[in-house]
Amino acid sequence: MTTYKLSDVKQVCEAIYERPIVDRTWRKWKASLSLPKYVKDISQAQMEQLLTLANLKRSKPYDKVTLTQVIKSKQATLKEFQEARNNYTLYLIPDECRGDSLPEVIRMVTGRQVSLKSLYRWGKMLNKHYSSNSNYTKDEVLLYISQTLIKPRAKKAARYATSVEP
């Protein structure tokens with residue numbers, strides 16, 4: 001029998017739910033599915049029920065969802081996830097990229113639209129001046145992509161830490 005760590009399942013549920021799940025809400029979800037309070041590992045069936053509940057709550061967050069509703073919609077939800085996984089095409093980062101196509105590469109990888117102003121600012125922070133005519137290696141493209149994934153406050157702290165000299 002396959003078991004899954006509940007903490008890992010919670011992370012997947014947060015990705016499906018598209019926002020963080022607070023502890024109180026997580027406890028309510030587990031109670032609505034009749035899961036034990038202090039369990040660390042769950043079975044595959046319980047994991048599928050939690051994923052289905054997260055999917056149902058994403059579409060209707062304020063509706064009360066019962067265990068019978070979760071069981072009824074479990075097959076449809078799992079089929080939807082399977083189709084999404086099969087239709088997803090992984091975008092590979094090119095070995096070399098021109099500066100004018102860098103915003104498009106970042107959008108394809110992260111799903112975020114990046115302005116030229118941000119690229120110029122990040123280039124200054126990374127000591128690699130951004131230019132639309134320059135060619136960038138895969139490692140340099142990854143540096144720019146990593147900048148899109150850093151939260152704004154963390155960027156300020158990182159910029160301050162790198163600009164202050166001992």
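Let me start with the aromatic rings. This is a predicted model, and in it the count of aromatic pairs comes to six, taking rings whose centres lie within 6.5 Å. A pair of aromatic rings is described by two things, the distance of the centres and the angle of the planes.

Take Tyr-17 and Trp-29. The ring centres of Tyr-17 and Trp-29 are 5.2 Å apart and the planes stand at 80°, so this pair is edge-to-face. What does the pair tie together? Tyr-17 belongs to helix H1, residues 6–17, and Trp-29 belongs to helix H2, residues 23–32, so the contact joins parts that are 12 residues apart in sequence. Tyr-17 and Trp-29 are both buried.

Trp-29 also pairs with Trp-26. Here the centres are 6.2 Å apart with 50° between the planes, and the pair is tilted. Trp-26 and Trp-29 sit in helix H2, three residues apart, which is about one turn of the helix. Trp-26 is buried, as is Trp-29.

Back to Tyr-17, from the other direction. The charged end of Arg-19 sits over the ring of Tyr-17, at 4.4 Å from the ring centre.

There is another group of rings to look at. Tyr-120, Tyr-130, Tyr-136 and Tyr-144 are linked by ring pairs into a cluster.

Tyr-144 takes us to helix H7, where it is one of the buried residues. Helix H7 covers residues 138–149, which is 12 residues. At 1.5 Å a residue, H7 should span 16 Å; the C-alpha atoms at its ends are 17 Å apart, and that agrees. Which residues of H7 are buried? They are Val-141, Tyr-144, Ile-145, Gln-147 and Thr-148. Looking down the axis of H7, these buried residues fall within an arc of 150°, so they line one face of the helix. On the other side of H7, Asp-139 and Leu-149 are exposed.

Now two loop residues. Glu-18 is in the loop between H1 and H2. Its phi is near 65°, a positive value in a residue other than glycine. Glu-18 is exposed, with a relative accessible area of 59%.

The second is Ser-34, in the loop between H2 and strand S2, residues 41–43. Phi of Ser-34 is near 60°, again positive in a residue other than glycine. Is Ser-34 buried or exposed? Ser-34 is exposed, with a relative accessible area of 58%.

Last, the chain as a whole. How many helices and strands does it have? The protein chain has eight helices and four strands. Read from the N terminus, the order is β-α-α-β-α-α-β-α-α-β-α-α. In words, a strand followed by two helices keeps coming back along the chain.

The protein chain has 166 residues, and 30% of them count as buried. Its exposed surface is about 11,800 Å², and carbon and sulfur atoms supply 53% of that. As for contacts, consider those with a sequence separation of 6 or more: residues 24 or more positions apart account for 59% of them.

To go back over the main stops on the structure: Tyr-17 of H1 meets Trp-29 of H2 edge-to-face, four tyrosines form a cluster that includes Tyr-144, and the buried residues of H7 line one face of that helix.

Methods:
Residues are numbered from 1 along each chain as its sequence is written. This is a predicted model: local features need pLDDT of at least 70, side-chain atom pairs count only at pLDDT 80 or more; totals for chains, interfaces and linings use all residues. Side-chain values use heavy atoms; hydrogens and water are left out. Buried means under 20% relative accessible area, exposed over 50%, partly exposed in between (1.4 Å probe, protein chains only). Contact means heavy atoms within 4.5 Å. Accessible areas come from the Shrake-Rupley method with a 1.4 Å probe; for residues, only the protein chains shown count as cover. The expected span of a helix is 1.5 Å times one less than its number of residues. The arc is that of the directions from the helix axis to the C-beta atoms. Rings of Phe, Tyr and Trp (its six-membered ring) pair if their centres lie within 6.5 Å; planes under 30 degrees apart count as stacked, over 60 as edge-to-face and the rest as tilted. A charge sits over a ring if NZ of Lys or CZ of Arg is within 6 Å of the ring centre and within 35 degrees of the ring normal.
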